[in-house]
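Dear colleague,

I am passing on the structure below, together with some notes on what turned up when I went through it. Please read the notes with the coordinates open beside them.

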Amino acid sequence: MFRTVVEHARKHPGLIPQFFFICLGMGGATLYLIRLARGPHVTWNKKSNPEPWNKLDPTYQYKFVAITTDYKDLKKEGPDF
């Protein structure tokens, strides 16, 4: 498949930026999925830690971009389990 891409890029040089941006987008999507899969709220092993989200601090910023919420001022609103 890589060989076919190189042949097309040689015949049509205008496709080179398109191939670049497609690869850049696929790489970015892959890195974002890896980031989501490694988050503290994801359970991969239910025997050792079935509810990992209970151990998070209320000031933990779990969103990628928090525009209106200031996580530093949040207080815990419940008992410890």
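How many aromatic pairs does a search of the whole structure find? The search returns one aromatic pair, and this is formed by Phe20 and Phe21, whose rings meet edge-to-face with 5.1 Å from centre to centre and 70° between the planes. Please bear in mind throughout that this is a predicted model, and that the values in this message were computed from it.

The two phenylalanines also belong to a feature of the surface, since Phe20, Phe21 and Leu24 together make up a nonpolar patch with about 350 Å² of accessible area. Within that patch, Phe21 counts as exposed at 54% relative accessibility, while Leu24 is a residue of helix 2, which covers residues 16–37.

This part of the chain also carries an annotation: an unreviewed UniProt entry places the feature "transmembrane region" at residues 15–34. In the model, the chain over residues 15–34 is 95% helix and 0% strand, with the C-alpha atoms at its two ends lying 29 Å apart. As the annotation may be inferred rather than shown by experiment, I would report it as coming from the record and leave it there.

Turning to charged side chains, a search of the whole structure finds one salt bridge, which joins Glu7 to Arg3 with 3.9 Å between the closest N and O atoms. Why are these two residues about one helical turn from each other? Glu7 and Arg3 are both in helix 1 (residues 2–11) and sit four residues apart there, so about one helical turn separates them. As for their surroundings, Glu7 is partly exposed with a relative accessible area of 40%, whereas Arg3 counts as exposed at 66% relative accessibility. In general, side chains of opposite charge can pair when their charged atoms come close.

Beyond the helices, one residue that I noted is Leu56, which is found in the segment after helix 2 and counts as partly exposed at 31% relative accessibility. The C-alpha atom of Leu56 is separated by 7.8 Å from that of Pro40, although the two residues are 16 residues apart along the chain.

For the chain as a whole, the secondary structure amounts to two helices and zero strands, and buried residues make up 5% of its 81 residues. Among the contacts with a separation of 6 or more, 3% are between residues 24 or more positions apart. The accessible surface of the chain comes to about 7700 Å², and carbon and sulfur atoms account for 62% of that surface.

With best regards

Terms used. Residues are numbered from 1 along each chain as its sequence is written. This is a predicted model: local features need pLDDT of at least 70, side-chain atom pairs count only at pLDDT 80 or more; totals for chains, interfaces and linings use all residues. Side-chain values use heavy atoms; hydrogens and water are left out. A salt bridge is a side-chain nitrogen of Lys or Arg within 4 Å of a carboxyl oxygen of Asp or Glu. Buried means under 20% relative accessible area, exposed over 50%, partly exposed in between (1.4 Å probe, protein chains only). Patches are made of residues with over 30% relative accessible area and no salt bridge: like charges are joined within 9 Å, nonpolar side chains (Val, Leu, Ile, Met, Phe, Trp, Tyr) within 5 Å. Accessible areas come from the Shrake-Rupley method with a 1.4 Å probe; for residues, only the protein chains shown count as cover. Rings of Phe, Tyr and Trp (its six-membered ring) pair if their centres lie within 6.5 Å; planes under 30 degrees apart count as stacked, over 60 as edge-to-face and the rest as tilted. Contact means heavy atoms within 4.5 Å.
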